[in-house]
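Work through the exercises below with the model open. Each task is followed by a stepwise solution.

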Amino acid sequence: MTLSSRMIQVKGRSTEALTAGQQEPLVFLHGGGIVEGFDPFAPLAERFTVTAPLMPGYGATELDPPLVGREQVVENIRDVLDELGIRQTVLVGHSLGGWRAAAFAARFPERVTELVLAAPFGMDVPEHPLPDMMAMSPAERLAALTNDPSIWEGRLPTGPDPEFEAARGREGQSIMRFHPGPHDPDLPGLLSSVSAPTLLLWGEDDKTIPAGHADAWHKALPHSSVKTFPATGHLLFHERSEAIAAITDFVRASRA
């Protein structure tokens with residue numbers, strides 16, 4: 001089963017959402033890039049209705065009007081779920097999408113049944129600093145994102161590609177409008193409001209958001225557990241099918 005695209009109107013903004021399945025909702029919030037695609041999430045459609053809404057500036061979702069700051073990002077997620085008719089959901093977020101998912105679960109705890117955060121962004125952990133991705137060459141950046149270069153096969157242009165570059169440029173504009181900076185200083189306090197059972201997933205060889213951040217998240221979240229994967233980088237869902245299976249196992253265990 002593959003995720004298919006649909007367009008919805010969210011407060012006047014044309015918004016793209018990828019979806020598959022016909023069971024209870026599971027919403028996936030993507031990170032700062034989507035070049036790697038969403039194929040690994042298709043198996044979840046055997047158990048859930050999987051929906052991956054694309055942020056403003058990503059895919060076919062209109063960039064404007066801008067989302068500025070965390071609160072507008074969270075309200076946009078709420079509006080997307082309202083338009084999709086999703087009152088409650090299993091919420092999964094990766095990287096920057098993990099920050100968005102955690103902030104949403106703190107603001108609207110009644111709408112999240114279980115929360116899964118995969119290598120989430122946002123904590124200040126000085127002993128495990130984040131790399132300066134912007135200072136890296138394109139090749140260095142790709143190597144920092146994953147230990148499995150085969151993930152990029154067929155997804156990157158082999159020569160000049162104005163359409164590809166324009167899409168990445170729109171994504172960059174979107175991020176610059178709402179990104180909190182090196183970290184979100186208000187995040188630890190927000191996380192204390194998260195009432196959903198929470199699973200933290202991390203690749204032990206994550207070079208983008210080091211696995212050393214997991215302990216800070218675990219301590220800040222009231223009902224959390226941590227699962228790590230050896231020899232795995234930042235794109236853990238693409239590198240490890242076990243990371244996808246862990247989502248279903250976690251939901252099942254939380255309801256046992």
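The model is predicted.

**Exercise 1. Find what the buried residues of α4 pack against.**

Step 1. Start with the contacts. The buried residues of α4 pack against α1 and α2 (96–107).

Step 2. List these residues. They are Phe164, Ala167, Glu171, Ser174, Ile175 and Phe178.

Step 3. Check how they are spread around the axis. They cover an arc of only 100°, which puts them on the same side of α4.

Step 4. Recall the helical repeat. An α-helix has 3.6 residues a turn, so residues three or four places apart point the same way.

Step 5. Turn to the other face. Pointing away from the buried side of α4 are the exposed residues Pro162, Glu165 and Met176.

**Exercise 2. Compare the reach of α4 with its expected span.**

Step 1. Count residues. Helix α4 covers residues 162–178, which is 17 residues.

Step 2. Take the distance from the first C-alpha to the last. This is 25 Å, close to the 24 Å expected at 1.5 Å a residue.

**Exercise 3. Establish the strand order of the sheet and its edges.**

Step 1. Trace the order. The open sheet has eight strands, arranged β1-β2-β4-β3-β5-β6-β7-β8, and its pairing is mixed.

Step 2. Locate the edges. β1 and β8 (224–229) each have a single partner strand, so one side of each lacks a neighbour in the sheet.

Step 3. Add the twist. On average, neighbouring strands of this sheet are turned by 25° against each other, direction ignored.

Step 4. Place the helix. α1 (residues 69–84) packs on the sheet and touches β1, β2, β3 (24–29), β4 and β5 (89–94). The direction of α1 makes about 110° with that of β1.

Step 5. Verify a parallel pair. β6 (residues 112–118) and β7 (residues 198–203) share four bridges in the parallel sense. Leucine 117 stands opposite leucine 200 in β7.

**Exercise 4. Decide whether strand β2 is enclosed or open.**

Step 1. Score burial, with under 20% relative accessible area as the cut-off. Eight of the eight residues of β2 (residues 13–20) are buried, so the strand is largely enclosed by the rest of the structure.

Step 2. Split the faces. Arg13, Thr15, Ala17 and Thr19 lie on one side, Ser14, Glu16, Leu18 and Ala20 on the other, and all are buried.

Step 3. Pair β2 with β1. β1 (residues 4–10) runs antiparallel to β2 over seven bridges. Serine 5 has leucine 18 in β2 as its bridge partner.

Step 4. Inspect the turn. Two residues separate β1 and β2 in a hairpin, and lysine 11 there has a positive phi of about 50°.

Step 5. Pair β2 with β4. Four bridges join β2 to the antiparallel β4 (residues 48–53). Alanine 17 faces proline 53 in β4.

Methods
Residues numbered from 1 in each chain as written. Predicted model: local features only at pLDDT ≥ 70, side-chain atom pairs only at ≥ 80, totals over all residues. Heavy atoms only, no water. Buried < 20%, exposed > 50% of the residue type's maximum accessible area, 1.4 Å probe, protein only. Pairing = 2+ DSSP bridges. Axes fitted to C-alpha atoms, helices over the stretch in contact; angles between N-to-C directions. Contact = heavy atoms within 4.5 Å. Expected span 1.5 Å × (residues − 1). Arc of directions from axis to C-beta.
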